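Let's take a walk through this model together, stopping at a handful of spots along the chain. Keep the sequence and the 3D view open as you read.

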Amino acid sequence: MKDLTRYRNIGIFAHVDAGKTTTTERILKLTGKIHKIGEVHEGAATTDFMEQEQERGITIQSAATSCFWNEHQLNIIDTPGHVDFTIEVYRSLKVLDGGIGVFCGSGGVEPQSETNWRYANDSEVARIIYINKLDRTGADFFRVVKQVDDILAAKPIVMVLPIGVEEQFSGVVDLLTRKAWIWDDSGDPMNYTIQEVPADMVDQVEMYREQLIELAVEHDDDVMEKYLDGEEPDIETLKRCIRKGTRDLAFFPTYCGSSFKNKGVQLVLDAVVDYLPNPMEVKPQPEVDLEGNETGTFATVDPAKPLRALAFKIMDDRFGALTFTRLYSGTLSKGDTILNTFTGKTERVSRLVEMHANSREEIDSAQAGDIIAIVGMKNVQTGHTLCDPKHPATLEPMVFPEPVISIAVKPKTKGGEEKMGIALSKMVQEDPSFHMMTDEESGETILKGMGELHLDIKVDILKRTHGVEVEVGKPQVAYRESITKRLEDGYIHKKQSGGSGQYAKINYILEPGEPGSGFQFESKVTGGSVPREYWPAVEKGFASMIDKGVLAGFPCLDLKFTLTEGGFHPVDSSAMAFEIAAKSAYRQSIPKASPQLLEPIMNVDVFTPDHYMGDVIGDLNRRRGMMKSQETGPTGARIKADVPLSEMFGYIGDLRTMTSGRGQFSMSFSHYSPCPSNIAEEVIKEAKERQAAL
């Protein structure tokens with residue numbers, strides 16, 4: 001039996017280009033897992049093993065690996081930073097016990113950092129902060145610490161101070177031990193010396209050490225009392241207090257360094273072991289029933305309990321489908337039969353592997369706390385619970401965002417249709433934020449995703465990994481429709497032609513719902529004018545129609561249907577008759593309720609050198625953007641705006657032209673908003689022309 005107190009399941013997450021993958025490479029080198037460091041900019045990083053990742057120098061999918069540090073096993077997941085692949089961060093955080101939030105010393109807290117931090121808060125994941133790239137021009141450790149406090153509303157507890165900044169950055173002072181770790185310029189992480197604190201830093205070190213102690217002792221009343229009486233706690237006691245505060249999310253131990261120059265990473269590894277929780281110290285996963293309601297029972301981390309595991313990622317490779325799985329309780333061995341509570345089917349486990357990026361080690365069994373991959377599972381998808389068939393239970397499932405952009409694709413060759421279908425169904429299984437559908441009217445295959453880059457990568461994977469060349473249509477925006485007026489109406493469905501007849505009468509109120517409320521149904525029928533057993537049929541009939549709005553065929557959002565009264569026939573009424581009545585009521589009433597077109601609005605965050613700021617703001621205004629904030633920093637300006645998605649196609653090219661290649665931006669879905677009438681008319685006209693052409 002493994003000692004779970006020596007386990008750390010951690011994720012590394014950050015904004016694009018903050019140095020996550022480089023940091024992972026340094027950790028693997030220091031822990032002896034790899035012997036030659038691979039660089040991201042050379043396309044040789046261990047965890048960036050996809051061709052697309054190596055070419056673009058970004059991480060696209062999360063990669064898992066295991067290593068050891070100070071006799072502790074670290075299961076590490078390196079996640080993407082680009083906003084189009086946020087889903088990878090979300091599902092990784094869901095199964096981790098702790099995390100390292102990496103921030104760029106010059107870029108600071110960037111937009112995707114905020115999204116990732118919010119996900120980590122939602123998942124209640126304990127974190128340590130690592131401020132990287134302190135050797136870069138414009139790097140400022142204290143500014144980033146302040147941003148963490150101001151922007152993320154998180155409390156950093158400073159554990160080290162940098163010695164020098166930018167080109168002069170040579171090491172860090174450990175505040176607990178009052179010792180300076182100084183690396184030479186050889187680039188070897190092991191070439192360091194531990195010295196006394198530089199004379200010009202003594203006062204600063206004492207000031208920050210005092211702040212550290214004051215924050216730490218708040219988490220132990222006895223230690224705090226002694227401290228107030230003038231007795232300073234020893235280092236072990238301080239570590240115990242910091243560990244408790246970190247686990248309680250009261251503060252986040254903050255470190256700094258330069259991963260690329262191999263400076264400062266050892267202290268981060270020590271912090272993972274010292275302060276991040278082991279699997280038994282985190283809140284157990286709640287179990288839910290088939291409707292998603294919590295049952296009050298929990299999957300306690302205990303190898304002796306029945307098996308509870310969550311499949312959090314599906315990956316297809318040359319060896320077959322890999323199901324990445326986090327075990328919460330029980331043990332899993334080769335040859336076991338496990339139940340998938342989502343499908344209700346059992347499957348036999350033929351092979352178990354421990355992952356190291358894209359290489360693997362066969363193992364015979366795994367236990368609670370482990371993150372492993374099962375080879376060859378047939379019907380498992382992301383978010384499914386795997387459990388002991390004799391003791392079934394479901395873990396809290398994952399919720400994924402809806403795609404906001406779509407493209408039409410068709411194979412270039414006649415025989416490519418089937419090949420493309422097989423490839424796409426595998427890709428949809430791997431990525432829950434990627435959807436595929438066939439347009440029934442045109443017969444086109446429609447791919448839906450989180451952004452242009454997301455779909456761009458998917459088309460690239462189709463071509464390279466699956467050998468399917470496709471023609472790509474221009475991107476389409478996922479518009480929505482809604483109503484703006486409250487309406488009272490009624491409908492009678494009568495059919496009397498041979499055999500048994502059909503009769504259903506419904507009176508109802510149709511009204512706009514609160515933003516984000518979706519479709520709501522309520523029955524206020526009294527006195528049995530519509531028998532209770534027909535209410536679900538009315539709801540089902542109406543709900544089945546909202547996927548196709550009356551203006552341009554886009555799904556209808558946020559409306560409430562209230563059944564007030566009606567009528568029925570003792571012989572001719574049936575659930576089917578009431579369902580048909582509700583469908584006809586939808587077609588009759590939506591056009592009367594002043595329908596409107598809604599467009600997706602994106603949170604756009606642009607970084608630009610100062611002197612291009614006016615051009616960038618002017619351009620965003622032309623794109624119907626609403627400015628939210630603008631701030632200047634030492635390396636440039638950040639502009640935040642809400643901009644309609646339809647105006648953002650091809651923006652990266654325009655931004656680079658405007659800023660001589662130095663501008664960057666990220667965007668994520670914010671909300672739906674009414675479309676201006678001139679734009680709405682154009683979209684509706686296009687939709688009608690498309691339908692007429694078919």
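## A walk along the chain

Arg178 is partly exposed, with a relative accessible area of 31%. Keep in mind from here on that this is a predicted model. You'll find Arg178 in the loop between strand 8 (171-174) and strand 9 (179-183). Its backbone deserves a look: Arg178 isn't a glycine, yet its phi is positive, near 55°.

Leu249 does something along those lines, with a positive phi of about 60° although it is not a glycine either. This residue sits in the loop between helix 8 and strand 11. At 27% relative accessibility, Leu249 counts as partly exposed.

Now step over to helix 7, which covers residues 221-228. At its start, a side-chain oxygen of Asp220 reaches to within 3.0 Å of the backbone nitrogen of Asp222. Asp222 itself belongs to helix 7, and with a relative accessible area of 54% it is exposed. It also has company: Asp221, Asp222, Glu225, Asp229 and Glu231 gather in a patch of negative charge on the surface. And what comes after helix 7? The helix is followed by Gly230, which has a positive phi near 100°.

Next up is helix 8, and Thr237 is a good place to enter it. Thr237 is buried, at a relative accessible area of 15%. Its side chain makes a polar contact of 2.7 Å with the side chain of Asp234.

Helix 8 (residues 235-247) also holds Arg243, and that brings us to the charged pairs. The model has 30 salt bridges in total, and three of them are worth a stop here. In one of them, Arg243 pairs with Glu281, and the closest N and O atoms are 2.6 Å apart. Glu281 is in the loop between helix 9 (265-275) and strand 12 (285-288), so this salt bridge ties together parts that are 38 residues apart in sequence. How do the two partners sit with respect to the surface? Arg243 counts as buried, at 15% relative accessibility, whereas Glu281 is partly exposed, at 27%.

Another pair is Lys334 and Asp364, whose closest N and O atoms are 3.5 Å apart. Here too, distant parts of the chain are linked: Lys334 is in the loop between strand 16 (331-333) and strand 17 (337-340), while Asp364 is in the loop between strand 20 (359-363) and strand 21 (365-367), 30 residues apart. Lys334 is partly exposed, with a relative accessible area of 37%. Asp364 is exposed, at 53%, which puts it past the 50% cut-off for that label.

The last of our pairs is Asp654 with Arg623, where the closest N and O atoms are 2.7 Å apart. Asp654 lies in helix 15 (residues 651-658) and Arg623 in the loop between helix 14 (613-622) and strand 36 (626-633), so the salt bridge joins parts that are 31 residues apart in sequence. Asp654 is partly exposed, with a relative accessible area of 36%, but Arg623 counts as buried at 9%. There's more to this spot than a pair: salt bridges that share partners join Asp619, Arg622, Arg623 and Asp654 into one network.

Let's go back to helix 9 and look at its surroundings. Is this helix enclosed or open to the outside? Nine of its 11 residues are buried, so helix 9 is largely enclosed by the rest of the structure. Among those buried residues are Val265, Leu267, Leu269, Val272 and Tyr275, and Gln266 is on the list too.

Two more buried residues round off the walk. Pro253 is in strand 11 (residues 252-256), and its relative accessible area is 0%. Which residue does it meet across the sequence? Pro253 and Ile129 are 124 residues apart in sequence, yet their C-alpha atoms are 6.1 Å apart in space. Met450, in the loop between strand 27 (445-449) and helix 11 (452-464), is buried as well, with a relative accessible area of 17%. Its C-alpha lies 7.5 Å from that of Phe434, a residue 16 places away in sequence.

Technical notes: Residues numbered from 1 in each chain as written. Predicted model: local features only at pLDDT ≥ 70, side-chain atom pairs only at ≥ 80, totals over all residues. Heavy atoms only, no water. Polar contact = N/O pair within 3.5 Å; in protein donor to acceptor, adjacent residues only side chain to side chain. Helix = DSSP H or I, 4+ residues; strand = E, 2+ residues; numbered from the N terminus. Patch = residues over 30% accessible without salt bridge, like charges linked within 9 Å, V, L, I, M, F, W, Y side chains within 5 Å. Areas by Shrake-Rupley, 256 points an atom, 1.4 Å probe, with all protein chains shown as cover. Salt bridge = Lys/Arg side-chain N within 4 Å of Asp/Glu carboxyl O. Lys, Arg positive; Asp, Glu negative; His and termini not counted. Charge placed at Lys NZ, Arg CZ, Asp CG, Glu CD. Buried < 20%, exposed > 50% of the residue type's maximum accessible area, 1.4 Å probe, protein only.
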